[in-house]
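Student: Please take me through one part of this model slowly. I am new to it, so explain the terms as they come up.

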Amino acid sequence: MATLDIKFLPDPILRRKARPVSRVDARIQRLLDDMLETMYASNGVGLAAPQVGISQRLIVLDIGDGPIRVVNPRLTFLGDEEELATEGCLSVPGVVGDVWRSLRILVRGLDENGRSLKLQAEGFLARAFQHEVDHLDGVLFVDKASDVRPITTEEAPEEDLEEGAPLDQTARSA
Ligand code: NI
């Protein structure tokens with residue numbers, strides 16, 4: 001496995017709509033593993049392929065319950081009930097902001113073996129999925145956030161995660 005370079009705003013790749021993956025092969029599997037390694041090395045909870053310079057529809061997440069890899073993820077259900085919480089992003093270092101996200105979602109896509117996958121998520125994991133899928137469409141949390149502000153000590157990552165707050169922030173960023 002290898003650690004990849006993270007792209008930062010205003011890198012144009014972060015604004016591009018990523019292409020679907022046509023075949024889940026060894027290259028894609030290796031890329032998913034490298035994305036996970038990169039995410040862990042940055043203390044993130046999620047990462048999308050455009051964030052490492054690859055415009056393909058691939059995301060990885062781990063909010064502490066083990067790694068999740070999804071190829072061509074689609075949010076096929078977004079619950080009406082929404083929650084406002086603080087997010088950050090590995091590609092937009094140094095700031096956080098409050099974003100409304102659906103509390104419950106359904107994700108469909110393919111797993112790392114190319115098999116179809118269906119996942120229900122709620123709360124912080126649902127938020128992380130919405131943040132990562134946005135990346136695949138060139139959308140960043142700062143586009144949706146109110147009150148984008150510099151990270152303060154109180155918002156230091158680890159604690160926030162316990163409260164179900166931020167995301168892909170410095171220590172907990174996606
Ligand atoms: Ni992000």
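**A charged patch and two buried strand residues**

Tutor: Arg16, Arg19, Arg27 and Arg30 form a positive surface patch (residues with over 30% relative accessible area by the Shrake-Rupley method with a 1.4 Å probe, no side-chain nitrogen of Lys or Arg within 4 Å of a carboxyl oxygen of Asp or Glu, like charges joined within 9 Å, taken at CZ for Arg; Lys and Arg count as positive). The model is predicted, with local features needing pLDDT of at least 70 and side-chain atom pairs pLDDT 80 or more, while totals for chains, interfaces and linings use all residues. Residues are numbered from 1 along each chain, and side-chain values use heavy atoms, without hydrogens or water.

One member of the patch, Arg19, sits in the segment before helix H1 (26–41) (a DSSP run of H or I, at least four residues; strands are E, at least two). Arg19 is partly exposed, at 48% relative accessible area (buried is under 20%, exposed over 50%, partly exposed in between).

Now to the strands. Pro73 belongs to strand S3, residues 68–78, and is buried, with a relative accessible area of 3%. Beyond four places in sequence, Pro73 touches Arg57, Ile59, Val107, Arg108, Gly109, Val133 and Leu136 (heavy atoms within 4.5 Å). The C-alpha atom of Pro73 is 8.9 Å from that of Phe129, which is 56 residues away along the chain.

Leu117 lies 44 residues from Pro73 in the chain, with 9.0 Å between their C-alpha atoms. Leu117 is part of strand S7, residues 116–122, and is buried too, at 17%. Apart from neighbours within four places, the contacts of Leu117 are Arg69, Val70, Val107, Arg108, Gly109, Leu110 and Asp111. Val107, Arg108 and Gly109 thus appear in the contacts of both Pro73 and Leu117.

Terms used. Buried < 20%, exposed > 50% of the residue type's maximum accessible area, 1.4 Å probe, protein only. Patch = residues over 30% accessible without salt bridge, like charges linked within 9 Å, V, L, I, M, F, W, Y side chains within 5 Å.
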